[in-house]
Amino acid sequence: MEPKMFTLALAPLIVWLGIFWYLNMIDRKLSKLEAGKDRDEL
Amino acid sequence: MAVGNAPNSQLNNVNSSIPGLWWKILTGIGMTLTILAVYLVVGPVLNKVGQPFYTLGGHGAKVIFFHVPCAWLGSQCYIIGACYAVSYLRARARGERFAMVEADLKNAVAMELGLLFSVLATITGMVFAKNEWGAYWNWDPRQTSILIIMFLFAAYVALRGIVADPDLRARQGAVYTLVAVVPGIFLYFILPRIVGDTMHAEPNKALIGRQISGNYMYTMYGLTLPSFIMLFVWMFQLRLRQMKLELRKSA
């Protein structure tokens, strides 16, 4: 495994972790809204 | 039969999320492993004479591992959208209002995600094209096809955005989806095959013809594609839940 490959993998990895965090955040927010909390945020 | 108001009491009782946290964690692990496998395990992409593709010793072309699932999911969105459009029209004929709303929202989500994944397929394709063919855009038949496909998906989103009446919006959306699925399937599956000489021929051959060293077949079909499908399911149900909440709020 060349160091270059790690660098190449880093960009999509960071993008994916960002997307994963965002989807999780939306999921939690929707769960709250479905439970009747945070109605103002809709 | 107004789509927008009558079944909201029933929507309150429906949770569109798939239960459990395990499959979301699995999606996260699957996508992370996909990225790591593509760049750290799978070997360089080779051309027809066995030489690495141009950039980074054949590793630059590995963006096709993300391009192919996006393009495939975009094509599936047409089929999923069309199934829900038929489902909507059948429910409408039977006067089942709850089923109508459910089918209409799922149809809308499928078409929206179709737009998203076709845009992602185009962007990843453009990165590949710049690396390997020297320009972001080459008017290759497949590139032209996906451009028209994007417009077809975008037209659905625009149509849905400008019609205020929920019933008319749902009916027009369903009919549009069924009309758009015909050129969609033609552009995805038929046109690139009847136009013989495309720039996609070589990367397609590399992907299908075992010109990538290492266990790329396991990576593509055992890891990348399932991970993207799980991601698609997650995004689909998130958007559906959001649309249902908006519908409940507007009631």
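## Helix 5 of chain B and its two faces

In this predicted model, the face of helix 5 of chain B that is turned away from its buried side carries the exposed residues B:Ala158, B:Gly161 and B:Ile162. The buried residues of helix 5 of chain B are B:Arg142, B:Ser145, B:Ile146, B:Ile149, B:Leu152, B:Phe153 and B:Tyr156. They cover an arc of only 110° around the axis, so they sit on the same side of helix 5 of chain B.

The elements that cover these buried residues include helix 3, helix 4 and helix 6 of chain B. Helix 5 of chain B itself comprises 22 residues, and the distance from its first C-alpha to its last is 31 Å, close to the 32 Å expected at 1.5 Å a residue.

## The loop before helix 5

B:Trp139 is found in the loop between helix 4 and helix 5 of chain B, and this residue has a positive phi of about 55° although it is not a glycine. Most residues other than glycine have a negative phi. As for its surroundings, B:Trp139 has 9 other C-beta atoms within 10 Å and is therefore exposed, the limit for that class being 12 or fewer.

## Architecture of chain B

Chain B contains 8 helices and 0 strands, and its pattern along the sequence reads α-α-α-α-α-α-α-α. Of the 251 residues in chain B, 41% are buried. Among the contacts in chain B with a separation of 6 or more, 79% are made by residues 24 or more positions apart.

One pair of glycines illustrates such a separation in sequence: B:Gly222 and B:Gly30 are 192 residues apart along the chain, while their C-alpha atoms are separated by 9.8 Å. B:Gly222 lies in helix 8 of chain B, and this glycine counts as partly exposed because 14 other C-beta atoms lie within 10 Å, between the limits of 12 and 20.

## Helix 3 and the nonpolar core

Helix 3 of chain B runs over residues 64–94, and its 31 residues should span 45 Å at 1.5 Å a residue; the C-alpha atoms at its ends are indeed 45 Å apart, so the expected and modelled values agree. Just after helix 3 of chain B, B:Gly95 takes a positive phi of about 75°.

The largest nonpolar core has 58 residues, of which B:Cys77, B:Tyr88, B:Ala110, B:Met111 and B:Leu113 touch the most other members. At least two residues of this core are supplied by each of helix 2, helix 3, helix 4 (97–133), helix 5 (141–162), helix 6 (166–194) and helix 8 of chain B, and the largest share, 15 residues, comes from helix 3 of chain B. When residues up to four places away in sequence are not counted, B:Tyr88 touches B:Met100, B:Ala103, B:Asp104, B:Asn107, B:Ala170 and B:Ala174.

## Chain A and the contact between the chains

Chain A has 1 helix and 0 strands, and 7% of its 42 residues count as buried. A:Asp27 lies in helix 1 (residues 3–34) of chain A, and because it has 17 C-beta neighbours inside 10 Å, below the 20 needed for burial and above the 12 that would make it exposed, A:Asp27 counts as partly exposed. The C-alpha atoms of A:Asp27 and A:Thr7, which are 20 residues apart along the chain, are separated by 31 Å.

The contact between the two chains takes 17 residues from chain B and 15 residues from chain A. On the side of chain B that touches chain A, the elements giving two or more residues are helix 2 (22–40) and helix 8 (216–250) of chain B. The residues on that side of chain B divide into 9 nonpolar, 5 polar and 3 charged.

## Confidence in the prediction

The model scores ipTM 0.86 and pTM 0.87. For chain B the mean pLDDT is 84, with 83% of its residues reaching 70 or more. Among the elements of chain B, helix 3 of chain B has the highest mean pLDDT (94), whereas helix 1 (residues 8–11) of chain B has the lowest (54).

Over residues 1–6 of chain B the pLDDT is below 50, and this stretch has 16 contacts in the model beyond near neighbours in sequence. Where pLDDT is low, the predicted coordinates should not be read in detail.

Notes. Residues numbered from 1 in each chain as written. Chains lettered and ligands numbered in written order. Predicted model: local features only at pLDDT ≥ 70, side-chain atom pairs only at ≥ 80, totals over all residues. Helix = DSSP H or I, 4+ residues; strand = E, 2+ residues; numbered from the N terminus. Expected span 1.5 Å × (residues − 1). Contact = placed C-beta atoms within 7 Å. Nonpolar A, V, L, I, M, F, W, Y, C, P; charged D, E, K, R; others polar. Core = buried A, V, L, I, M, F, W, Y, C linked by C-beta atoms within 7 Å. pLDDT = per-residue confidence, 0-100. Arc of directions from axis to C-beta.
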